[in-house]
Amino acid sequence: MESNLNKVLNMNRQQLSGQLYKYTNVVKGWQYRWFSVDAQEGLLSYYLCEPTGDESIPQPVGNAPRGQVHLAGAVICPSDEDSKTFTVNCASGDMMKLRAGDARARQEWVDGLRAVVESHSNSTGTALPPREQLAAHDAFGAARQQLQQTELSNAALARAIENLTEPVSPTDPDLLMLKALSAASTHCLLQCLGLLQRHQEFGPDSRLEQSF
């Protein structure tokens, strides 16, 4: 564990990097990406990647990252669905669902990312003890997973309404209202969870007001 932390928190090199699967959406599913961590800046970036049988030989496509997120205040949570999947739940409200090659690789990523999160959270004033920080990580991660399931249920509800046949119409005002309220409520809960994560990161100050 300690050697992994020393590796991750090396401020001169991007030590934590490798190939992971990233869940895109219900249609596209899992996409192969190359991920790297800038420990000094607290950034997790990912690139388009050519699949390869040897994970020690990266095949990123292009020099510009496909996307990146800030890790300060993020929640890194192993998934209960299998031994390879984990989520990165950012203070901004963004979420990445990732899958490593095996259980050991997942643990290395989780430990490494949590080390970077802790480093940058401490530098911005987070005062929670390590044990309470882990408890908060797990609680936020569990809440995020429940909301992910809710999003999937909302999508299933919308499809069921759209596929209705006579005598029930998919344009029935009550059904359209149900679909809209379901989606809006889930979006509101996701926003609230993001605000709670910012609250944990910065405390009850004016920075929360900038989120509205």
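Helices, of at least four residues, and strands, of at least two, are taken here as DSSP runs and numbered from the N terminus. On that basis the chain follows the pattern α-β-β-β-β-β-β-β-α-α-α along the sequence, with 4 helices and 7 strands in total. The model is predicted.

**Confidence**

The average pLDDT of the chain is 76, and 70% of the residues reach a score of at least 70. Residues 1-5 have a pLDDT below 50, and this stretch makes 6 contacts in the model beyond near neighbours in sequence. Residues 204-212 also have a pLDDT below 50, with 9 contacts in the model beyond near neighbours in sequence. Where pLDDT is low, the predicted coordinates should not be read in detail.

**Overall packing**

The chain has 212 residues, of which 37% count as buried. Its accessible surface comes to about 12300 Å², and carbon and sulfur atoms account for 52% of that area. Taking the contacts between residues at least 6 apart in sequence, 51% join residues at least 24 apart.

**Aromatic rings and charges**

The whole structure holds 3 aromatic pairs. One of them is formed by Tyr23 and Trp30, with ring centres 5.3 Å apart; their planes meet at 70°, so the pair is edge-to-face. The cut-off behind this assignment is an angle over 60 degrees between the planes. A pair of aromatic rings is described by the distance of the centres and the angle of the planes.

Neither ring residue falls in the buried class, because buried means under 20% relative accessible area: Tyr23 is partly exposed at 27%, and Trp30 is partly exposed at 25%.

Each of the two rings also has a basic residue over its face, as the table shows.

| Basic residue | Ring beneath | Distance to ring centre |
|---|---|---|
| Lys97 | Tyr23 | 5.3 Å |
| Arg99 | Trp30 | 4.0 Å |

Taken together, Tyr23 pairs edge-to-face with Trp30, while Lys97 lies over the face of Tyr23 and Arg99 over that of Trp30.

**A cis peptide bond**

Most residues other than glycine have a negative phi, and most peptide bonds are trans. The bond that joins Glu166 and Pro167 is cis, with omega about 10°. Pro167 sits in the loop that runs between helix H3 (130-162) and helix H4 (173-202).

Note on methods: Residues are numbered from 1 along each chain as its sequence is written. This is a predicted model: local features need pLDDT of at least 70, side-chain atom pairs count only at pLDDT 80 or more; totals for chains, interfaces and linings use all residues. Side-chain values use heavy atoms; hydrogens and water are left out. Rings of Phe, Tyr and Trp (its six-membered ring) pair if their centres lie within 6.5 Å; planes under 30 degrees apart count as stacked, over 60 as edge-to-face and the rest as tilted. Buried means under 20% relative accessible area, exposed over 50%, partly exposed in between (1.4 Å probe, protein chains only). A charge sits over a ring if NZ of Lys or CZ of Arg is within 6 Å of the ring centre and within 35 degrees of the ring normal. pLDDT is the predictor's confidence in each residue, from 0 to 100. Contact means heavy atoms within 4.5 Å. Accessible areas come from the Shrake-Rupley method with a 1.4 Å probe; for residues, only the protein chains shown count as cover.
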